[in-house]
Amino acid sequence: MFARLHLCSYLPNRIWQVKVNAASKRTFSQEKFSDLRSHGKSFAHRSELKQAKRIVVKLGSAVVTRGDECGLALGRLASIVEQVAMLQNQGREMMIVTSGAVAFGKQRLRHEILLSQSVRQALHSNQNQLKEMAIPALEARACAAAGQSGLMALYEAMFTQYSICTAQILVTNLDFHDEQKRQNLNSTLLELLRMNIVPIINTNDAVVPPPVPNSDLQGKNVITIKDNDSLSARLAVEMKVDLLIALSDVQGLYDSPPGKDDAKLIDIFYPGDQQSITYGTKSRVGIGGMEAKVKAALWALQGGSSVVIANGTDPKVTGHVITDIVEGKKVGTFFSEVKPAGPTVEQQTEMARHAGRTLASLQPEQRGEIICSLAELLTEKKDEILSANKRDMAIATSSGRFSQALIDRLSLSTAKLNSLAIGLRQLAVSSGNSVGRVLRRTRIANNLELEQITVPIGVLLVIFESRPDCLPQVSALAIASGNALLLKGGKEASNTNRILHQLTQEALSIHGVTDAIQLVSTREEVEDLCRLDKVIDLIIPRGSSQLVRDIQRAAKGIPVLGHSEGVCHVYLDSEASIDKALEIVRDSKCDYPAACNAMETLLIHRDLLRTPMFDQIIDMLRTEHVKIHAGPRFASYLTFSPSEVKSLRTEYGDLECCIEVVDSMQEAVDHIHKYGSSHTDVIVTENEETGEQFLQQVDSACVFFNSSSRFADGYRFGLGAEVGISTARIHARGPVGLEGLLTTKWVLRGEGHTVADFSEQGSMKYLHENIPVPQGSFS
């Protein structure tokens, strides 16, 4: 390998040009591909594309050429080369099928013609005639002949920047029909790939006959090479390629011509779906069109190569489109032979939205009945639920991949299920005070009244790790608020989530809205779900701080409700009660250390050091097996200190905590603002004035006086359930229950009123009178 790299480094400007002929002695060997892909099967799911080793990238004419069709789109081409080089340097075997020779040659020949004409006409014409010079029509084969060398020189120069050599291969249809030439071509490509060289392949447009546009592909076992679409498909099958990426000037395959308003991008295309789509016109350049691309893609798929058709011209994605596809991200249209039994996530979203509107139109009592039915099912079916949970626990424990904190979150018990059922019944009672409630009523003018009323947000996406008890909680809140819901749980809780979702749908069925809550069980990556901004209205992550941060970064155009960390503090003031301090610290840290509302940092007033209270707290934490990390100032007071904390902004999620020393309540507040996460913070003191100042000054979602941080919970607040705890400063903050899943709309009732009626010449005047709204009024 190092010898090959060393050799390539001495050949930065050399173009490897290969002409396929019968004189070659190398032969094609099937056995060399046995380690690439077994049984010649294409990948069934996008997530498997990460395993692709041998990849063909087909660059359509619209991708390679400029808008004026004379010359290459250099910036676009450079970003594509960078991605191909990155994948090549990862150890993959990359090949490029490229257009562009005709456009490059056309630019070159036009320049030569203009130069020649200007010299001749300058001797015989005036300046005005020079401006009116006409360029004769250029024959495509001549342009290709003039452009091939320049195109390859450009590729070589670009790939040299990444220490990668390239080789040019020009082929015609005959090279695939003649068995000897076909074997020579295979052998040549194999040798180039073995030498870590990127083959750049194109039809030899200087000698091929004019193509026949839109001609059918001939037979199942033979494909006619009439353009680069068919060439890339034939090459993919011949070389047993894992993945063919066909880049064009459209996002992928649509269910109708892309220019139409109702056209939808097809995420996955299956053989046999051709009848469900209609084709538009071909791209501005090239000879294939989408129909030819689809036929070529299906031929390659049948031959065992996976195919993705995507946009290579969009400046927003061109710089990472190829690498995104290889990483399994939802880009373009993926061709698959394996059709899932259930609906796609897009179809699930549409089903949920449609049923969700019916759910929102139900009477409050009917939504309450659904929630009570779910509560009953949780207790009636507890043995089935716990059995499924036991299977998940066994798998998670034996895998050795999960922390104890995560396994604790995964666990369900009879007590947890009973607690869930109680919370759901509590929520059912309050669900009548939700959708359609009048918040404000204003008389704009006589017989013109305005109302502000509560309405569902729309379609919610809740992504949660480990905690299966989240599923019935969130489902009940969605039902109470009339929202459609998509649930994406972690694989570690798949058995538990499945039965809980079945019970939820059973409860929904009593009023015919079974589809309002959907469990996403397909192989959708979280990042792909976060891109569904046209169908999802709010994302709520439930899980680790890393999950929340990842979702906040991935969500494009969709609001995210949640908190990224739960760095909660308990501050022991100099006037704290020893009994209260001991119980609050123990409960805040040890009751459920994996919870986001558990104490992570204990702040102690300096005057409490070396007092009986301090000693008792340290002894209690040691008895509870809590590992202590010393803050910088606390460590300075100790001769032999515990391990010094790496960061004062750490969420341990386990029996660990940091202890730090402060001089005053104000310094504790400043510390919380600097290192906290605005989740939940506590003061323990007998001085009521100090306690009230703390409550006023700390800018967190939950601030407590002489009570455990573990009270920061929707059920304990009387909300019945919660979708999570938000540390945002708009919409909802703290434990988010029913109210946090509602938004508002304005309803205006008039009798033919127009704005012109209120102009200076109009007959009406604004009143803007607030009309009292009795509690519990509904529109």
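**Close-up views of a predicted model**

**View 1. Strand β14 meets its neighbour.** L485 has I517 as its bridge partner in β14. The model is predicted. Strand β13 (residues 484-489) and β14 run parallel, joined by three bridges. Helix α12 (residues 345-361) lies across β12 (459-464), β13 and β14. The angle between α12 and β13 is about 145 degrees. Helix α20 (residues 545-554) also packs on the sheet, where α20 touches β12 and β15. The directions of α20 and β15 make about 160 degrees.

**View 2. The four-strand sheet.** The strand order is β14-β13-β12-β15. The sheet is open, and the pairing is parallel. Its edge strands are β14 (517-519) and β15 (538-542). Each of these edge strands pairs on one side only. From one strand to the next, the twist averages 20 degrees. In general, strands of a sheet pair through backbone hydrogen bonds, either parallel or antiparallel.

**View 3. The largest nonpolar core.** This core has 49 residues. The residues with the most contacts inside the core are I370, I371, I385, L427, V462, L485 and L487. Helix α17 (residues 470-481) gives the most to this core, contributing eight residues. A second core, separate from the largest one, has 39 residues. V57, V64, A85 and I245 are among the residues of that second core.

**View 4. The surroundings of I385.** I385 is one of the residues with the most contacts inside the largest nonpolar core. Residues up to four places away in sequence are not counted here. On that basis, I385 touches L378, L412 and L417, among others. The contacts of I385 also include T496, I499, L500 and L503.

**View 5. Strand β6, covered on both faces.** Six of the six residues of β6 (residues 243-248) are buried. One side carries L243, I245 and L247. The other side carries L244, A246 and S248. The residues on both sides are all buried. I245 also belongs to the second nonpolar core, as does V57.

**View 6. The strands that pair with β6.** Strand β2 (residues 54-59) pairs with β6 in the parallel sense, over five bridges. Within this pairing, I245 of β6 is the bridge partner of V57. Strand β8 (residues 306-311) is joined to β6 by six bridges, and β6 and β8 run parallel. Here L247 has A310 of β8 as its bridge partner.

**View 7. A stacked aromatic pair, F758 and Y766.** The structure has five aromatic pairs. One of them, formed by F758 and Y766, is stacked. The ring centres of F758 and Y766 lie 4.3 Å apart, with 15 degrees between the planes. The pair counts as stacked because planes under 30 degrees apart fall in that class. F758 is buried, at 13% relative accessible area. Y766 is partly exposed, at 45% relative accessibility.

**View 8. Two buried cysteines, C470 and C530.** C470 is buried, at 1% relative accessibility. C530 is buried too, at 0% relative accessibility. How many disulfides does a search of the whole structure find? The search finds zero. In general, a disulfide is a covalent bond between the sulfur atoms of two cysteines.

Conventions. Residues are numbered from 1 along each chain as its sequence is written. This is a predicted model: local features need pLDDT of at least 70, side-chain atom pairs count only at pLDDT 80 or more; totals for chains, interfaces and linings use all residues. Side-chain values use heavy atoms; hydrogens and water are left out. Rings of Phe, Tyr and Trp (its six-membered ring) pair if their centres lie within 6.5 Å; planes under 30 degrees apart count as stacked, over 60 as edge-to-face and the rest as tilted. Buried means under 20% relative accessible area, exposed over 50%, partly exposed in between (1.4 Å probe, protein chains only). A nonpolar core is a set of buried Ala, Val, Leu, Ile, Met, Phe, Trp, Tyr and Cys residues joined through side-chain atoms within 4.5 Å. Helices (H or I, at least four residues) and strands (E, at least two) are DSSP runs, numbered from the N terminus. Contact means heavy atoms within 4.5 Å. Two strands pair if DSSP finds at least two bridges between them. A disulfide is a pair of cysteine sulfur atoms within 2.5 Å. Axes are lines fitted to C-alpha atoms, for helices over the stretch in contact, and angles run from 0 to 180 degrees between N-to-C directions.
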